[in-house]
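Trainee: Could you pick one small spot in this model and walk me through it slowly? After that, I'd like to hear how the rest of the chain fits around it.

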Amino acid sequence: MDPGEQEEGRVLYSPEKGSKIVQNVNAINVRKDSRWTFWLITAGIATTFGAAVPTGYNIGVINAPANFIKSWCNETIYETYGTVFTEGNLETFWSAVVSIFLIGGVIGSLGGAWVADRLGRKRSFLLCGFLLVLGGLCFQFCKAIGSVELLMIGRIVVGLAAGLTTSTVPMYLTELAPLGLRGALGVFCSMGVTGGVVVGQVMSLEEVFGTDDHWQFALSFYVILVVTFFVPYHWLPESPKYLFVIRRRHDEAVNELKRVAGRKVRDEYVRQQIDAMRRECTPENEEESVGDGERREEKAKERSIISVLKDRTLLLPLVLVCALQGGQQLSGINAVFFYSVSIFESVGLSSTDAKFANLGAGCLNLFVAFFSPVLMAKFNRRFLALLSCSMCAIFLFCLTFIVYFIDDVEWFSYASIVAILLYILFYQIGLGPIPYFIGSELFEVGPRPAAMALGSLASWGCNFIVAMLFTTLQSSWGAFVFLPFTVTCVALTLLLRTYLPETRGKNISQIVPLVAKGFSSKPLVP
């Protein structure tokens, strides 16, 4: 055998080729260990259809039957309290019904860190399912018993579930995944939310359940998905990293690690994973003082949101996570979908056809999302995030210009459609999926739940801001309503270009030192 050849995972040193050979063998071993095993696939499918899809469903289902539900609310409030709403009061009340879901998302995100550490990653998923079923039951029976309050309770309960889902499910999946599949499995939650929005839009069409008699079935239909995909819950694995680092149940963690990795897992891979988890529990070398060891051990334990906010070494990664999660909403994706109906109508489509065209745009969003696992496996996170943010900024600016002059240039109506579709395309290759799981790649296990919770909080909070302000700004600014979203994408591009390290294929121990010095960590090597 020539020097440097691989022999059963071992490298014979060659002075001429040494470092390259080690890198190549490491890459080969990562590919060997990055296999889709039964429990990885099962956990991915169960969490996606059992929690992520229902989260998106509750975002997309409420718009189409809005007039029927508002009419029922008006009648029910009169019958119950003898109060007659004016049109303005009814619109304000309806805004509260819609936005209380987002408030629930904010509260659920804040509780995500505590839940993930106290209950564990797996049981956090169970709590999401319980809240989703409870909310669905509220929707199903609110009309039968004539209770507007039950409708409101249902909206806030599913909002709590949504916030908890986005803060805990991506973390659970990325902690289960081997290094080479971390990004591919991490985008399952993003795909589920995107797909759920489309499913919700379809089920709320008048041709399905979006009618005066059946809107309650539209709101609660997702419960079937939750119940169906929670069947394998009992057998799902718990996160080995959570068991090893947070709960210190080492034997159980090793057993779960082997179960997730499958029968063909190499012993060397198991040892490497155990060593990596042990490094998050103990000092990096034996020469560290006892005080350093105690400090390191304390950092490995669960961390409160306050302690994470006070830790200066976590400032930069926390800013990156919150900027990506919040920027995902402030990039204007929901506003574009809201405005697209009127744009489709401007090219001569009827109101009904424009709604179907808007649904088609949502389907494009979902279609591109299906390629997210492949993109995350083949391309660097940094490249995809920068490409996505910069191109979204360009097409949002184009959309502003086109909409402003849409009445003056005949073919600008069609150009606006192209701009919308290209914006959706580039949004979904980076800005859509990456924020959901990037926190799991920038933080160690101890502060990770708090960081994911704060990121989810930023997402739902910015979503609430857009929902509250967009209609008002649209009335005042017209086409220029897209400029704040353009500025957000430009600012996010500059921030990521300067500070975001590449995380694909790297262990957390390699990434943490890159961002530990805060904003003096720049420039980062792609």
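Mentor: Let's start with a term we'll need right away: a polar contact is a pair of N or O atoms within 3.5 Å, and within protein one of them must be able to donate a hydrogen while the other can accept it. Keep in mind too that you're looking at a predicted model.

Our spot is Asn 58, which you'll find in helix 2, the stretch covering residues 38-60. Look at its side chain: one of its polar atoms lies 2.8 Å from the backbone oxygen of Pro 54. Is Asn 58 buried or exposed? Asn 58 counts as buried, because its relative accessibility is 1% and the cut-off for buried is under 20%. So what is packed around Asn 58? If you skip the neighbours within four places in sequence, Asn 58 is in contact with Phe 101, Leu 132, Phe 139, Arg 155, Val 158, Leu 219 and Tyr 222.

Now zoom out. The chain has 526 residues, and 54% of them are buried. Its secondary structure comes to 25 helices and two strands. If you take contacts between residues at least 6 apart in sequence, 80% of them join residues at least 24 apart.

Here's a pair that links distant parts of the chain. Glu 175 and Arg 448 form a salt bridge, and their closest N and O atoms are 2.9 Å apart. Glu 175 belongs to helix 6 (residues 148-176) and Arg 448 to helix 23 (residues 448-477), so the partners are 273 residues apart. Are these two buried or exposed? Glu 175 is buried, since its relative accessible area is 3%, and Arg 448 is buried as well, at 3% relative accessibility.

Altogether, the structure holds ten salt bridges. For a contrast, go to helix 13, residues 267-279. There, Arg 271 makes a salt bridge with Glu 268, with 2.8 Å between the closest N and O atoms. Arg 271 and Glu 268 are three residues apart in that helix, so about one helical turn separates them. Arg 271 counts as partly exposed at 46% relative accessibility, and Glu 268 is partly exposed too, at 32%. Further along, the side chains of Asp 275 and Arg 278 meet in a salt bridge, at 3.5 Å from N to O. Asp 275 is partly exposed, with a relative accessibility of 37%, and Arg 278 is partly exposed at 40%. Asp 275 and Arg 278 also sit three residues apart in helix 13, about one turn of the helix. Salt bridges can share partners as well, and that joins Asp 117, Arg 121, Glu 175 and Arg 448 into one network.

Next come the rings. How many aromatic pairs does the structure hold? The count is 23. One of them is Phe 367 with Phe 371, an edge-to-face pair at 5.2 Å centre to centre with 75 degrees between the planes. Phe 371 is partly exposed, at 44% relative accessibility. Another pair, Phe 401 with Phe 405, is tilted, with centres 5.0 Å apart and 55 degrees between the planes. Phe 401 is partly exposed at 44% relative accessibility, and Phe 405 is partly exposed at 30%. Those two rings belong to one aromatic cluster, made up of Phe 401, Tyr 404, Phe 405, Trp 411, Phe 412 and Phe 480.

Some rings have a charge sitting over them. Lys 122 lies over the face of Tyr 233, 5.0 Å from the ring centre. The charged end of Arg 259 sits over the ring of Trp 39, at 4.9 Å from its centre. Trp 39 brings you back to helix 2, where we started with Asn 58.

One last thing before you trust every corner. The mean pLDDT of the chain is 85, and 87% of the residues reach 70 or more. Along residues 1-29, though, pLDDT stays under 50, and the model has 26 contacts beyond four places in sequence for that stretch. Residues 283-299 also have a pLDDT below 50, with 15 contacts in the model beyond near neighbours in sequence. Where pLDDT is low, the predicted coordinates should not be read in detail.

Conventions
Residues are numbered from 1 along each chain as its sequence is written. Side-chain values use heavy atoms; hydrogens and water are left out. A salt bridge is a side-chain nitrogen of Lys or Arg within 4 Å of a carboxyl oxygen of Asp or Glu. Helices (H or I, at least four residues) and strands (E, at least two) are DSSP runs, numbered from the N terminus. Buried means under 20% relative accessible area, exposed over 50%, partly exposed in between (1.4 Å probe, protein chains only). Contact means heavy atoms within 4.5 Å. pLDDT is the predictor's confidence in each residue, from 0 to 100. Rings of Phe, Tyr and Trp (its six-membered ring) pair if their centres lie within 6.5 Å; planes under 30 degrees apart count as stacked, over 60 as edge-to-face and the rest as tilted. A charge sits over a ring if NZ of Lys or CZ of Arg is within 6 Å of the ring centre and within 35 degrees of the ring normal.
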